[in-house]
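Here is a set of exercises to work through with the structure open beside you. Try each task before reading its solution.

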Amino acid sequence: MAIKNYILICGGTACESSRADDIYKNLIAECASQGVSDDVQIVKTGCFGFCEQGPIVKILPEDSFYVQVKPEDAKELVSEHIVKGREVTRLLYDKNKSKKHAKVEDIQFYQKQFRIVLRNCGFINPENIDEYIAREGYAALEKALFNMTPDDVIGELKTAGIRGRGGAGFPTWMKWNFTKQVENDTKYVVCNADEGDPGAYMDRSTLEGDPHSILEAMTIAGYTCGARQGYIYIRAEYPLAIKRLEIAMQQARDYGLLGEDILGSGFSFDIEIRLGAGAFVCGEETALLASIEGERGMPRPRPPFPAVKGLWGQPTVINNVETWANIPMIILKGGDWFSKIGTEDSKGTKVFALTGKIRNSGLVEVPMGTTLREIIFDIGGGIANDKEFKAVQTGGPSGGVITKADLDTPIDYGSLMGLGSMMGSGGMIVMDEDDCIVDVTKFYLGFSVDESCGKCSPCRIGGRSLYNILDKITKGEGEMEDLEQMKSIGQAMKKASLCGLGQTAPNPILSTIHYFEDEYLAHIKDKRCPAGKCKELISFNILADKCIGCTACARKCPVGAITGERRQLHRIDPELCIKCGVCLETCKFGAIYVR
Amino acid sequence: MSVKNDTIEFPDELLAFIRVWKEKPGNLIMVLHKVQEEYGYIPREAADRVSELLEVPLAKIYGVITFYHFFKLTKPGKYNMQVCLGTACYLKGGDTLLEELENLLGIKTNEVTDDGLYSIEAVRCVGCCGLAPVLVVGEEVFGKVTKDQLPGIISKFKK
């Protein structure tokens with residue numbers, strides 16, 4: 001019998017944690033009990049990207065986009081949509097619009113997006129190789145093996161102009177070419193899936209939603225560079241991605257797309273998974289290789305670069321997940337096609353994890369050259385709770401902030417560097433007026449200090465000194481000399497640290513001092529935290545004209561710092577107050593304010 | 001699986017795993033993962049045993065364990081409450097969740113309650129930034145958590 005409807009359910013980690021699996025099971029059970037199992041195909045896909053509204057269920061061919069679905073909604077979705085052909089309006093993303101406007105392409109979150117990396121996420125069942133093949137999967141591998149020489153492949157990457165998506169932006173074709181040119185019997189291909197930037201999860205979603213694209217790309221690299229063995233180095237914290245990769249590898253072997261004599265071409269290549277163990281520095285390629293070798297993940301001086309002398313001293317091509325995910329499409333559609341997308345400096349698209357104080361948080365893939373304003377205000381829907389936009393942070397602990405004045409900058413590697421930030425792996429964290437810039441900077445430094453491997457002293461000692469100064473400033477003990485001191489330590493770290501972690505760790509400080517000097521001065525000179533975040537610098541007070549004396553705050557205060565008779569003005573004793581903020585949350589009359 | 005004072009017998013499955021991996025280069029981290037999966041942490045006796053089986057010096061094993069955040073040297077609670085302190089979660093109040101959890105359970109981060117039931121851990125980004133702030137207990141992920149929900153979540157894991 002012909003399938004009438006396809007029901008797609010997001011099976012990404014975020015939606016799974018909101019019981020997407022129960023929705024999936026309930027839908028299967030409901031279709032069976034309502035006698036429509038043969039008319040419907042139910043598929044658990046990878047991430048749709050619109051995590052804010054999860055769990056998401058999409059029904060084709062109507063393209064109805066249901067959001068925040070609960071397991072108990074399955075019955076109604078089947079009885080109404082599938083059996084009677086009527087959309088369940090209350091679950092649609094845009095409930096106010098008529099049926100024809102509820103389509104996915106009309107949702108503002110998806111407008112302006114252009115999907116290459118995430119092309120299959122939210123479309124196919126990542127645990128079924130046939131669905132990947134049906135969407136031109138492994139066609140690029142076949143094309144490379146039978147119709148292209150290794151030089152053709154590298155030429156195509158060169159024409160495409162793709163640069164590494166892991167942060168530094170090194171041209172991919174050059175890396176491959178270095179390894180290819182080395183005469184050596186043993187070479188390796190490595191996928192860097194050690195996504196450690198706090199606030200970025202595009203690699204996780206790609207692996208969970210489209211694992212075959214990574215396997216296919218790595219195999220193409222093996223053919224091009226002359227490697228027979230690949231490794232995927234992935235965070236142990238990503239169990240679902242690991243499971244889906246394992247399934248995908250087995251299916252690819254069963255189909256003759258991985259292993260000995262791939263597709264009868266005579267070329268053999270296999271892949272093994274190696275687990276990370278929670279060290280951010282292992283995202284640095286030489287540290288990562290040390291970790292695959294079973295050692296402490298400490299970086300090595302470069303040169304020699306891994307492309308020439310990498311894993312176990314052998315030439316190694318190493319790229320990150322997002323870079324790999326682009327490769328099959330470049331081979332299939334051609335470098336020319338790819339190079340037409342993006343800007344002069346940066347070709348193709350970039351996936352960003354849009355999070356923080358944003359209305360629509362989620363994964364966003366846009367052509368390079370899209371402006372920050374388009375991403376934050378058009379796709380992201382602006383700031384949550386009608387607060388004021390303050391800054392957006394890109395590049396994580398290695399990057400910096402970008403303020404309102406620069407929101408119209410088209411995003412590419414060069415322009416972000418020019419603003420004192422960097423592309424990084426694609427975390428994009430939006431801050432509003434309630435976020436203290438000094439506190440957030442301290443957060444990033446704390447992270448870098450925690451994650452410093454300790455091998456070189458500029459990073460080990462410099463990072464700690466910077467953190468201590470910031471800590472002092474947030475406690476109201478800062479002095480004017482501190483700003484200059486931080487700049488000078490920061491510059492020294494940039495110059496003298498061994499690897500990218502230490503060289504970029506001062507960036508959050510240098511960038512925020514540049515753009516938000518006022519806020520540092522408020523902390524240092526006026527002993528005041530304008531955002532009301534640094535506990536030592538704030539006090540909670542009650543507004544006389546707003547307090548009605550309801551006693552709610554006094555009853556909730558955990559330390560009894562609030563006194564006052566019923567219907568009388570209340571008062572907070574600053575000596576007793578521990579600044580927990582419970583009173584602020586409790587008061588319904590807006591009578592509590594932070595100074 | 002009980003842990004005896006001096007020696008430890010690995011279950012057959014773990015031994016088989018180590019036998020397979022012993023032949024592969026760079027096996028130490030993979031083996032340690034498997035050991036931690038079995039015991040919830042890496043007991044001293046287990047490290048000794050790994051040292052024997054893989055013929056790797058114990059000092060090197062401890063060098064690796066202590067380098068990586070993921071490996072634990074002490075036994076966590078039956079329910080390890082992991083509060084995400086990635087950037088998105090931090091901005092949305094992950095630190096106040098951590099504080100509240102410490103108050104409710106009466107222990108500090110990285111400590112275990114006397115009954116061995118709960119422990120608290122601060123983790124860096126679990127990759128669910130869209131759900132910030134996030135709390136992870138075992139396999140279960142709780143998203144957009146508020147302080148008020150914490151007592152309910154704790155009591156969910158009382159057994």
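**Exercise 1. Classify A:Leu263 as buried, exposed or partly exposed, and describe its backbone.**

Step 1. Begin with the neighbour count: A:Leu263 has 14 C-beta neighbours inside 10 Å, so it counts as partly exposed. The cut-offs are these: a residue is buried with 20 or more other C-beta atoms within 10 Å of its own, exposed with 12 or fewer, and partly exposed in between, with C-beta atoms placed from the backbone.

Step 2. Locate the residue: A:Leu263 sits in the loop between α10 and β7 of chain A. Helices (H or I, at least four residues) and strands (E, at least two) are DSSP runs, numbered from the N terminus.

Step 3. Look at the backbone: phi of A:Leu263 is near 50 degrees, a positive value in a residue other than glycine.

A word on the model before going on. This is a predicted model, in which local features need pLDDT of at least 70 and side-chain atom pairs count only at pLDDT 80 or more, while totals for chains, interfaces and linings use all residues. Residues are numbered from 1 along each chain as its sequence is written, and chains are lettered from A and ligands numbered from 1 in the order in which they are written.

**Exercise 2. Do the same for A:Thr551: where is it, and what is its phi?**

Step 1. The loop between β14 (540–542) and α22 (552–556) of chain A holds A:Thr551.

Step 2. Its phi is near 70 degrees, again a positive value in a residue other than glycine.

Step 3. A:Thr551 has 15 C-beta neighbours inside 10 Å and therefore counts as partly exposed.

**Exercise 3. Find the strands that pair with β6 of chain A, and say in which sense they run.**

Step 1. On one hand, β5 (residues 188–193) of chain A is joined to β6(A) by six bridges, and the two run parallel. Two strands pair if DSSP finds at least two bridges between them. Here A:Ala193 stands opposite A:Ile234 in β6(A).

Step 2. On the other hand, β6 (residues 229–234) and β7 (residues 270–275) of chain A also run parallel, with six bridges between them. The bridge partner of A:Gly230 is A:Ile271 in β7(A), and A:Tyr233 stands opposite A:Arg274 in β7(A).

Step 3. Add the helix: β6(A), α10 (residues 239–254) of chain A and β7(A) make a right-handed β-α-β unit. Right-handed means that, with the strands pointing away from the viewer, the path from the first strand over the helix to the second runs clockwise.

Step 4. Check the surroundings: five of the six residues of β6(A) are buried, so this strand is largely enclosed by the rest of the structure.

**Exercise 4. What is the strand order of the four-stranded open sheet in chain A, and which strands stand at its edges?**

Step 1. The order is β2-β1-β3-β4 (chain A), with mixed pairing.

Step 2. At the edges stand β2 (40–45) and β4 (64–66) of chain A; each has a single partner strand, so one side of each is left without a neighbour in the sheet.

Step 3. Inspect one pair: β1 (residues 5–10) and β3 (residues 57–60) of chain A are antiparallel over four bridges, and A:Tyr6 stands opposite A:Leu60 in β3(A).

**Exercise 5. Which residues of α8 in chain A are buried?**

Step 1. In α8(A), the buried residues are A:Met202, A:Asp203, A:Arg204, A:Ser205, A:Thr206, A:Leu207, A:Glu208 and A:Gly209.

Step 2. That is eight of the eight residues of α8 (residues 202–209), so this helix is largely enclosed by the rest of the structure.

**Exercise 6. Which peptide bonds around A:Pro303 are cis?**

Step 1. The bond from A:Arg302 to A:Pro303 is cis, with omega near -5 degrees.

Step 2. A cis peptide bond also joins A:Pro303 and A:Pro304, with omega about 5 degrees.

Step 3. For the setting, A:Pro303 lies in the loop between α11 and β8 (316–320) of chain A.

**Exercise 7. How many residues of chain A and of chain B are in contact with each other?**

Step 1. The contact joins 37 residues of chain A with 30 residues of chain B; two residues are in contact if their C-beta atoms, placed from the backbone, lie within 7 Å.

Step 2. On the side of chain A that touches chain B, α1 (13–17), β7, α11 (285–292), β9 (349–356), β13 (427–432) and α16 (437–451) each supply at least two residues.
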